[in-house]
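User: I've got a chain here and I'd like to talk through its hollow spaces. Can you take me through the reasoning as we go?

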Amino acid sequence: MIDQEMPSLQDRESSHDDSRPAKRQRNFIARQACEACRAKKTRCDEDMPCSLCRNLGIECTYVERKPTKNETSMSMIFNTLRRMESKIDHLSATNTPSPSSQTNHRHEVNHVPTMSPYHIDSALSNAPLTSPQTQISRPLSQSAAVGTVLSFSAHRTIHWPGVHSSLALSVSTAICDMKPTFHTHLESNRPPLEPTIQAAATFPTGEWLSTLSLTCVKVLSNAYFDTFNRVYPFLDRDYYFLNTLAVVVREGFGFDVESCLVLNVMALGCMGLKAFGEGGFDTSHYADITPLVQQIMQEDCPGLSFFNEARKRVGFCLCERDIQSCQFYLSSALYFVQVMRPVDEWMMTSRAFVICAAFWKCPPDPQDEWVADMHSRLFWSALMLESVIVQELELPSSGFKEWEDVVPLPKFITYPYISKSGAQNPDDSYYHYHFLAQIAVRIILSRVREELYFSNPSTALAEELRHQLEQWRANLPEALRFADEDPEPVFDSPSDAVVVALLQARYRISMFHLGRPFLYKALLNPVAATENDLKMCSSTLRFAMDWALLWDRLCTMPDFMPLKFFCAGQLFGQLFIFNAFKNSAEERLRETLPPGYELWCTKMLRYISDLVETSPTMAANFELLSRLYHLNDE
């Protein structure tokens, strides 16, 4: 038997007793022997000439030594670090590059639909993004930014020593009893999403999908493209209708990836269609909805019957790695985002990454330009989806970030294999520019996380990064620019509201994260806070307020809010920070609180309370916050 043949680990360990002779120390081995010593198989002392060649009176020659396996690995690591460094430095170049260099740069957005009045080049060009401190920013980030490494997760804020000292004993005790990553454990231990398909129960034969009309499928598909795909543009509308949906129309819903993708699109289309109604937008062009689809839209998770049907059918497609398979995983991730299941989202984006990596590791030759551009859209959409959740839940990264210097930014090339008369793609370039602009600011935010998140942050580096963010904002195309004092705009569609809110919120979120280490430092030792520290705290607390993601119009559309979990997590941490500054014994800290922060705290608390039923993390967050704030304090 196997148990009898294999000695136990304990038996093997006990055999290594003191009676065993001591292991002889290994003799010196030359890392590189000369040719004579190598031929005679004698030990070389690596001198020039070596002692053997000197005694024999012969020429001592060495051939170029091959690097060891360890040296090769280290070289790869350092090369990767240099590429990351040079990429940030390239974005931070002080001088605007020549037109020729802009044309040749692989990250340049050089394909802009001629019908569009907007252009994103200025947002992603090599225009000045840094202050004159750029040349000293690297040493500063290593020598001045010292101390404890801070977590980027907002939920970790409750474990800050300065926050703890401001809490009542009952609240402090409750937090001490919680794991530092309590939110990750709560989400990881949730039961799976309910697998029932309610729509099938109304049809005894179970053939409920066959009752859907083509018109109804197209209505839901267009609702998806008019909402979610304008935020995360990883599907091409023309390709979808001409190829993906065409397979389903021709062969019916089967167990193929096309059917699964169409079902996912319809599931998200249910949410998108509800957003039109919730936000008070025109829904006349979505009138052809059957009672069955209306029933599916009213499920606890809108579109769940479609989504679960897709999950049931996808089994035979798990090993496929084409564009549509990646789109299936990303659309699944997007659905999990909406139903507040971040760990499930992370798993889906990880599977999408495998497909992206497989393509960029071994791209076809010759390469179809449209296919390559679609893979760029897949990669960057997946990276944007994964980044925020990995940072907040502190989950392992799939490895997307390592490919940032390999995968070009998408050009959004029009699907070439269709006549102009048959094309259904509207001019979505405005939304594409929003997407690309958010990628640009994400690169700066990544540097904030990597270089500034220490308990003793560098003020000079913070000022440089702040300057980069302001330059990014100033270089946005005219159609995307915004001012701090602008009121909430009037929008024509849900997608307009969401992309504008996301862009403006990312700016304020980045500014807030840039100053968070200074909040930690001031709360940790209030008496030692310098005037510069207090100035940073005051600015940071202002940027913690008035996030566009809490605009009234967006709050009326809960079924189309792509960053709900992330946003609520950030607000949770901010509420504890505001409470700590309010209750600080140091008057100078209390004076940094911005006017109107109490009303903003109430608005943040209400936002979290509306999500209690959707997530155990939100329920735990609200329970803790209810000990500090009360909604009836308005």
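User: What makes you place the largest pocket between domain 1 and domain 2?

Analyst: It's about who supplies the lining. Residues of domain 1 (157-190 + 430-629) and of domain 2 (212-417) both line the largest pocket, so it lies between them. Bear in mind that this is a predicted model.

User: Which residues sit closest to the centre of that pocket, and how much space is in there?

Analyst: The largest pocket holds about 540 Å³. Its lining has 25 residues, and Q338, K564, D610, L611 and T614 are the closest to the centre. Two elements give two or more residues each, α25 (552-555) and α28 (597-609). The largest share comes from α28, with three residues.

User: How do you know what class of residue lines the largest pocket?

Analyst: You sort them by residue type. Asp, Glu, Lys and Arg are the charged ones, and eleven lining residues of the largest pocket fall in that class. Another twelve are nonpolar and two are polar.

User: What about enclosed spaces: how many cavities of 30 Å³ or more are there?

Analyst: Seven. The term cavity is used where a 1.4 Å probe fits but cannot get out. The largest cavity comes to about 170 Å³, and the second largest to about 100 Å³.

User: What lines the largest cavity?

Analyst: There are 14 lining residues, with V388, Q391, R442, L445 and R506 nearest the centre. Helices α20 (369-393), α21 (429-452) and α23 (494-524) each give two or more residues, and α21 has the largest share at five. By class, the lining of the largest cavity splits into seven nonpolar, four polar and three charged residues. Domain 1 and domain 2 each contribute at least three residues to this lining.

User: And where does the second largest cavity lie?

Analyst: Set its lining against the domain bounds: domain 1 and domain 2 both give residues to the second largest cavity, so it lies between them. Of its 15 lining residues, V337, E345, I389, P562 and F565 are the closest to the centre. At least two residues apiece come from α18 (323-338), α19 (342-361), α20 and α26 (564-582).

User: How many polar residues does the lining of the second largest cavity have?

Analyst: None. Twelve of the lining residues of the second largest cavity are nonpolar and three are charged.

User: Let's turn to one residue. Why is M545 called buried?

Analyst: The cut-off for buried is under 20% relative accessible area. M545 has 6%, so it counts as buried. That residue sits in the loop between α24 (531-543) and α25.

User: Which residues does M545 touch, beyond those up to four places away in sequence?

Analyst: M545 touches R508, F578, P594, P595, G596, Y597 and W600. A touch here needs heavy atoms within 4.5 Å. As for L571, which is 26 residues away from M545 along the chain, the two C-alpha atoms are 9.4 Å apart.

User: And the chain overall: what share of it is buried?

Analyst: Of its 634 residues, 54% count as buried. The chain has 29 helices and two strands. Its exposed area is about 29,600 Å², with carbon and sulfur atoms supplying 54% of that.

User: What share of the contacts joins residues 24 or more positions apart?

Analyst: Among contacts with a separation of 6 or more, 78% join residues 24 or more positions apart.

How values were computed
Residues numbered from 1 in each chain as written. Predicted model: local features only at pLDDT ≥ 70, side-chain atom pairs only at ≥ 80, totals over all residues. Heavy atoms only, no water. 1 Å grid on protein atoms, 1.4 Å probe; cavity = no way out; pocket = protein on both sides within 12 Å on 5 of 7 lines; lining within 4 Å. Points joined across faces, edges and corners; volume = space filled by probe spheres on them. Helix = DSSP H or I, 4+ residues; strand = E, 2+ residues; numbered from the N terminus. Domains from an automatic or database assignment. Buried < 20%, exposed > 50% of the residue type's maximum accessible area, 1.4 Å probe, protein only. Areas by Shrake-Rupley, 256 points an atom, 1.4 Å probe, with all protein chains shown as cover.
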